[in-house]
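Here are some worked exercises on side-chain contacts and surface patches. Have a go at each one before you read its solution.

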Amino acid sequence: MRPILLSGHERSLNQIKFNRDGDLLFSVAKDKIVCAWWSANGERLGTYNGHQGAIWTVDVSPNTVLLATGSADNTVRLWNVKTGECIKVWDFPTAVKRVEFTPDGSRLLAVTEKRMGFLGTIAVLDINYEDLEAQAEEPSLRITCTESKATVAGWSYLAKYIIAGHEDGSVSQYDSKTGEQLENVQAHEFDNLISDIQFSADRTYFITASKDKSAKLISSRNLAILKTYVADTPLNSAAITPKKEYVILGGGQAAMDVTTTSARQGKFEARFYHKVFEDEIGRVRGHFGPLNTVAVHPNGTAYASGGEDGYVRVHHFDKPYFDFMYEVEREQLRK
Amino acid sequence: MAPSFDTLSEQDLHEEEEEEIDFSDLKEQFEVKLEEGLDTFIVIDGLPIVPEESRQKLIKFLLRKLNAVGHTSEDAVFMPTNDKNMSEGFAFVEYETPEQAIAAVKQLHGTPLDKKHTLAVNKLMDIDRYGREGRIDEEYKPPTVEPFKEKEHLRSWLSDPNARDQFALYRNDKVGVFWNNKNNPPENVVDRAHWTQLFVQWSPKGTYLASVHPQGVQLWGGPAFSKQKQFPHPFVQLVEFSPGESYLTTWSSRPIQVEEGHPVLSFEEDGKNIIVWDIVSGKPLRSFVSHDLAGGPVEGDAAPKKKVQWPAFKWSADEKYVARMLQGQSISIYELPRMNLLGKTSVKIDGVMDFEWSPATVTRDGVKQYEQLLSFWTPEIGSNPARVALMSVPSKEIVRTRNLFNVSDVKLHWQSQGTYVCVKVDRHSKSKKSMATNLEIFRVREKGVPVEVVDSLKDTVINFAWEPNGGRFVLITTGEAPSGAAVLPKTSVSFFAPEKKGPQAGNFKLVRTIEKKTSNAIYWSPKGRFVVVATVHSQSNFDLDFWDMDFEGEKAEGEKDLAANLQLMKTVEHYGVTDIDWDPTGRYVVSSASVWTHSMENGWNIHTFAGQTLAEHPTDKFKQFVWRPRPPTLLSKEEQKQVRKNLREYSKEFDEEDKYAVDIANTAVVETRKRVLNEWVAWLRREKELMAEEKDAYGIPEDADDAKVAKDAPPVSEDQGEAVVEEIVEEIVEENEEVIG
């Protein structure tokens, strides 16, 4: 199907997220506003205004009641999805690069930048759904990254661990109760920062995207590297598709290098790899800047990508996408 | 008087203790070496024993010899006498500089003084160092003979059952050698990080791989690419093998500084830029100062960084001679293996601009004795015309010369068998405003070396290439290019072939000219017939045209009597292509884009001879791709003919082999996929079980990960939003249900 082009942002996209039902799509960009869209037709539902700086990250609670955003204005804001009001503002000493709700929505983590003498931290905030106005002031847990700052983080299955990707290319696993670091694995090449972490539906494994031009599928339990997907360009984002055994990688020449290179080699395409066999099976063109973020519909029927070019493109999958199968898979199915 | 025990003071006791400490190791370490200053002394042994009276006479006689290699005087020669007033048969001599002393040792040692006496000349330091008491064992011990070590098979790669070719690939900091597997990924032989500092180079027959380091050149070979030979030329920058792999020339812009005690280099190499090495022994044969650097600015200061002339030494086809030109003055021809100047003098040629050896040993019509040919040219000097000449070596006879007028530049192109030399003459009109090119082709094998002039071309020829082992050639011409224009100048590609006329090749005729191209490079297949004409090093055009000169289809009427049937097989694009390389068998062509030229889309693509792209290999920081050359075939002409005749039979066999290999590979792929899929499914299952266990252990309800619903927020998401979506979903679902029903 023709992609739906969402042109509501004036600057480059930073993150997009589907809600759990998949009917809504939230996008944040450097232009300080959060947009909510109907994923089915691309109509804009509304915006959430209030941030004073570029917004780096967005997440929606599993019940689509609350929306959390993290911004370069050193705040995390909590919004009422339905009304668009800002319910709560948490102030941090530095910019917030990543927020994510636990699978049950009861907690929220925020990754803060290392800057101005402050070390990078991962803060955990308890979320109260009983009375939306009454949210805790202080984080219930604070993990400080002394070695290499965390760039991205997320919750494992049962919110048992916090998994963080670091600037030096390593991935670590923290106990989500105590904040103790349990494991640290140099998953990607040293000093190639991890740009994205996205989990599978059951959160037993996750995919990391890195500037070392590869994405890796890693087990949440012991950080064992299960699969490696090699691309020919630095990656900014990676997602796992439900339903079909694919992963989608997005990237492209780093924004600062683009002007010096020809457009034909920018490699601004979404790449589809087979999750199990690690083969590249297809590419989707369209953006004219690097892809900063990709997200998959929770039902696996669509995906969206946000680019440095300021556009979000929503693609609904066609029949051949679902029909495509390796011979071995077909055999397995027949058994 | 020694103090008695009673009178010993405390201090004395300590002193004694100190003396007992064994500091001989320290003494040895910090002992002042007296060698310095004695560098200028030599010891001459083997002199006649003479009485005191005739000593002066002997010294005088000796001085004549000594002064031939350096400067010394009568006072500086000391010949000791014993108590019987007879000399001892040796003398000490002091030279002015250590260098002279070294030269004396080198040149005088072992030379006869008269019939009975042979001089033994050594440095004083050496005598002191090696001849000191205790250093020499009185008893003779026979030197241990190293047990015979079998050498590695340096040509093992040729015995590959599938006759695959190897190539070296230099990317990032790593150099690897691989087998070419057509469209399958290449098979690695070795891959080493930091294998070379500058580049890698194969020897002309593929026996060695040379890597270049600040310490020198290292040759590698054998099945595992182990170290073969080292040539310690510090800061070496350029390397050149002789055609038969016996010798190696190395060049560095920095003059060599030889330190005392260097295992390979001696003072003779000090201050030199070029060394000619013997590959088998690993020893330098002779070293030179390069002309370009010593020459200084000749043509004004416009070009302060003159391009290095490389290869500085050009080899004759049989490696018996190597020649170097001093531009505008002379050509020096050296004889190997002694590296002595042929006939003891350089060949004086006023104004000589360039020279080329024949790439093969030619037998000229009516010439019986052995000879090597070399061609050179001189520009117009005063009222003398420009001249192209063929010289026969070793006789240094001029075989053929031709005078030319209005010459701006000349390029000499030998055909690979030495049958022809094409002299490409760029001519200017009298006003020097327009340029034209003439091709003067010397038919070397024919009697009297006739010269054929191919019709003058109005445009300038920017590239020219002979067909290897053939008589056809391709050239590229360009019109007057507006200087500084961003667009590439339009070029025309012209194909020439000889007329079909009896056993002798006829006159050269134009087959076809392709206009409006941007091509600038010509790459013939090493076996002839096929040629790739390409645009390389360009920002906007990257086309490779694959031509067949012997197309087996219909021939155009006008070209009936030409020994060629031209056909364009395919045009391929390779973005940013910088280099094109044919494999030594002429089966594959590799086009590559190297990071040395630009950093965009570096990598290499492999095509068949007909232009079909087999595989693309985008490679980060790709630098160099080099096919391993093959030595010439050992089959006789008859045997080769036989093979060609039965080609069908062979090709059937090979097709079957290929098919079989593909089948095997496919099964292997399916098997691995099956295994991988099963492993994945098993992993998922185990992970699920573990999670269930954990849930049980923690007493977490099954729906622990389900979303919490806020009380004051009625199910918002099920409002209109979902209604829109459901409309679409429902329709599809209903359709499905009908089918099932």
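**Exercise 1: a salt bridge in chain A**

Glu269(A) has a relative accessibility of 12%, so this residue counts as buried. Keep in mind that the model is predicted.

Task: find which residue forms a salt bridge with Glu269(A), and work out where the two partners sit.

Solution.
- Step 1, the partner. Glu269(A) pairs with Arg283(A), and their closest N and O atoms are 3.0 Å apart. That fits the 4 Å cut-off for a salt bridge.
- Step 2, the places. Glu269(A) is in the loop between helix H1 (255-258) and strand E24 (270-274) of chain A, while Arg283(A) is in strand E25 (residues 280-284) of chain A, so the bridge ties together parts that are 14 residues apart in sequence.
- Step 3, the cover. Arg283(A) has a relative accessible area of 38%, so this partner is partly exposed.
- Step 4, the wider setting. Both residues belong to a network of salt bridges that also links Asp232(A), Arg271(A), Glu280(A) and Arg285(A). For scale, a search of the whole structure turns up 47 salt bridges over all chains.

**Exercise 2: two bridges to one aspartate**

Task: Asp191(B) takes part in salt bridges with Arg171(B) and Lys174(B). Say where each partner lies and whether each is buried or partly exposed.

Solution.
- Step 1, the arginine. Arg171(B) and Asp191(B) have their closest N and O atoms 3.0 Å apart. This pair links distant parts of the chain: Arg171(B) is in strand E5 (residues 166-171) of chain B and Asp191(B) in strand E7 (residues 187-193) of chain B, 20 residues apart.
- Step 2, the lysine. Lys174(B) meets Asp191(B) at 3.9 Å, N to O. Here too distant parts of the chain are linked, with Lys174(B) in strand E6 (residues 174-179) of chain B and Asp191(B) in strand E7 of chain B, 17 residues apart.
- Step 3, the cover. Arg171(B) is buried because its relative accessible area is 13%. Lys174(B), at 39%, is partly exposed, and Asp191(B), at 30%, is partly exposed.
- Step 4, a look next door. Asp173(B) is in the loop between E5 and E6 of chain B; with a relative accessible area of 39%, this residue is partly exposed. Asp173(B) and Lys623(B) are 450 residues apart in sequence, yet their C-alpha atoms are 9.4 Å apart in space.

**Exercise 3: sorting two ring pairs**

Task: classify the aromatic pairs Tyr303(A)–Phe317(A) and Trp202(B)–Phe225(B) from their ring geometry.

Solution.
- Step 1, the background. There are 49 aromatic pairs over all chains.
- Step 2, the chain A pair. The ring centres of Tyr303(A) and Phe317(A) are 5.8 Å apart and the planes meet at 20°, so the pair is stacked. Distant parts of the chain are linked here: Tyr303(A) is in strand E27 (residues 302-307) of chain A, and Phe317(A) is in the loop between strand E28 (312-316) and helix H2 (319-323) of chain A, 14 residues apart. Both Tyr303(A) and Phe317(A) are buried.
- Step 3, the chain B pair. Trp202(B) and Phe225(B) are 6.1 Å apart centre to centre with 65° between the planes, which makes the pair edge-to-face. Trp202(B) is in strand E8 (residues 200-202) of chain B and Phe225(B) in the loop between strand E10 (216-221) and strand E11 (226-231) of chain B, 23 residues apart. Trp202(B) and Phe225(B) are both buried.
- Step 4, the company. Tyr303(A) and Phe317(A) belong to one aromatic cluster, whose members include Tyr246(A), Phe272(A) and Tyr326(A).

**Exercise 4: two surface patches**

Task: identify the residues in the negative patch and the nonpolar patch, then see what helix H8 of chain B has to do with them.

Solution.
- Step 1, the charges. Glu649(B), Glu653(B), Asp655(B), Glu656(B) and Glu657(B) form the negative patch. Glu653(B) lies in helix H8 (residues 647-698) of chain B, and its 48% relative accessibility makes it partly exposed.
- Step 2, the nonpolar side chains. Leu635(B), Val643(B), Leu647(B), Tyr650(B) and Phe654(B) form the other patch, with about 430 Å² of accessible area together.
- Step 3, the helix. H8(B) gives the most to the nonpolar patch, with 3 residues. Tyr650(B) is in helix H8 of chain B; at 34% relative accessible area, Tyr650(B) is partly exposed.

Conventions
Residues are numbered from 1 along each chain as its sequence is written. Chains are lettered from A and ligands numbered from 1 in the order in which they are written. This is a predicted model: local features need pLDDT of at least 70, side-chain atom pairs count only at pLDDT 80 or more; totals for chains, interfaces and linings use all residues. Side-chain values use heavy atoms; hydrogens and water are left out. Patches are made of residues with over 30% relative accessible area and no salt bridge: like charges are joined within 9 Å, nonpolar side chains (Val, Leu, Ile, Met, Phe, Trp, Tyr) within 5 Å. Accessible areas come from the Shrake-Rupley method with a 1.4 Å probe; for residues, only the protein chains shown count as cover. Lys and Arg count as positive and Asp and Glu as negative; His and the chain ends are not counted. The place of a charge is taken as NZ of Lys, CZ of Arg, CG of Asp or CD of Glu. Helices (H or I, at least four residues) and strands (E, at least two) are DSSP runs, numbered from the N terminus. Buried means under 20% relative accessible area, exposed over 50%, partly exposed in between (1.4 Å probe, protein chains only). Rings of Phe, Tyr and Trp (its six-membered ring) pair if their centres lie within 6.5 Å; planes under 30 degrees apart count as stacked, over 60 as edge-to-face and the rest as tilted.
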